[in-house]
Amino acid sequence: MSLFERLKADCPVVWNNYIDHEFTRGVGNGSLSKDAFLRYLAQDYLFLIEFSRAYALSIYKSNTLDQMKRGLKGVQSILDTEMQLHVRFSEKWGIHEQDLVNTKPEIATTAYTQFVLHSGMKGDLLDLKVALAPCVIGYAEIGRSLLQSSNATGAENPFNDWILEYAGEEYQNLANEAIQELDLLASEYMTEQRYSRVLEIFEKATQLEVNFWDMGLGR
């Protein structure tokens, strides 16, 4: 069992609350309100900015050149590709880039991003990547699940592009690489005595993802 699968299995309730949330179900069947999705998109843009800082921190926390290169790849992917894709996707929904820039972060956004950065600064590279895992790997699981739903895709679903983005081969490969990287880091950093602390980070980050969906629904 991979470290990710073990972590997920040890906090099943919060993980299920994350991947099978009212927000994601609304994306899957097309019933989510436009206001909720727009609120999420704007906050997710701010989240990506802080996500790139976390990957930059991973370079500093790295012990090897290979680890540093993976961190650099993450920074470049977010800043050069993902954020521009996010901007173009948002524009389809009537949110322009300057609107995203001017958006003020919600408490759920700030709490999550600060937790990830604090976990990395206080701990080591494994702590940081575990804090990032629910987002990086969880979105792939959500995308696959929604794609398999009979009502998930098609012209009648306004969120079809979002589903296909995270269910697509490119993102699925990225998530699989993240799972493999956790195992590599665990082989270097992990001890059984340390597992409870790693699980605590993972479970907290997952709950903060749940809070992020709640924020999208205006809760």
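**Close-up 1. Cys-11 in the predicted model is buried**. Its relative accessible area is 2%. Cys-11 takes part in no disulfide. The nearest cysteine sulfur belongs to Cys-135 and lies 15 Å away.

**Close-up 2. Cys-135 is buried and unpaired**. Its relative accessibility is 9%, so Cys-135 counts as buried under the 20% limit. The closest cysteine sulfur to that of Cys-135 is in Cys-11. At 15 Å, the separation is too far for a bond, because a disulfide requires the two sulfur atoms to lie within 2.5 Å. The structure as a whole holds zero disulfides.

**Close-up 3. Leu-46 sits in helix H4 and is buried**. H4 spans residues 34–61. The relative accessible area of Leu-46 is 12%. Leaving aside residues up to four places away in sequence, Leu-46 touches Leu-100, Thr-103, Lys-104, Pro-105 and Thr-109. Thr-113 is 67 residues from Leu-46 in sequence. In space, the two are 9.4 Å apart, C-alpha to C-alpha.

**Close-up 4. Helix H4 packs with helix H7**. H7 covers residues 107–122. The two axes form an angle of about 5° and are 10 Å apart. H4 is therefore roughly parallel to H7, as the angle falls under 35 degrees. From H4, the contact is made by Gln-43, Leu-46, Phe-47, Glu-50, Arg-53, Ala-54, Leu-57 and Lys-61. From H7, it is made by Thr-109, Tyr-112, Thr-113, Val-116, Leu-117, Gly-120 and Met-121. Leu-46, the buried residue of the previous view, is thus part of this contact. By class, the contact of H4 with H7 has eight nonpolar, four polar and three charged residues.

**Close-up 5. Helices H8 and H9 pack obliquely**. H8 runs over residues 125–148 and H9 over residues 160–167. Their axes are 7 Å apart, at an angle of about 120°. H8 and H9 are therefore oblique to each other. The crossing is left-handed. H8 contributes Tyr-139, Ala-140, Ile-142, Gly-143, Arg-144, Leu-146 and Leu-147 to the contact. H9 contributes Trp-162, Ile-163, Leu-164, Tyr-166 and Ala-167. The contact of H8 with H9 has ten nonpolar residues, one polar and one charged. The polar one is Gly-143 and the charged one is Arg-144.

Note on methods: Residues are numbered from 1 along each chain as its sequence is written. This is a predicted model: local features need pLDDT of at least 70, side-chain atom pairs count only at pLDDT 80 or more; totals for chains, interfaces and linings use all residues. Side-chain values use heavy atoms; hydrogens and water are left out. Axes are lines fitted to C-alpha atoms, for helices over the stretch in contact, and angles run from 0 to 180 degrees between N-to-C directions. Helices (H or I, at least four residues) and strands (E, at least two) are DSSP runs, numbered from the N terminus. Angles under 35 degrees count as roughly parallel, over 145 as roughly antiparallel, 65 to 115 as roughly perpendicular and the rest as oblique. A crossing is left-handed if the near helix is turned anticlockwise from the far one by less than a right angle, and right-handed if clockwise. Contact means heavy atoms within 4.5 Å. Buried means under 20% relative accessible area, exposed over 50%, partly exposed in between (1.4 Å probe, protein chains only).
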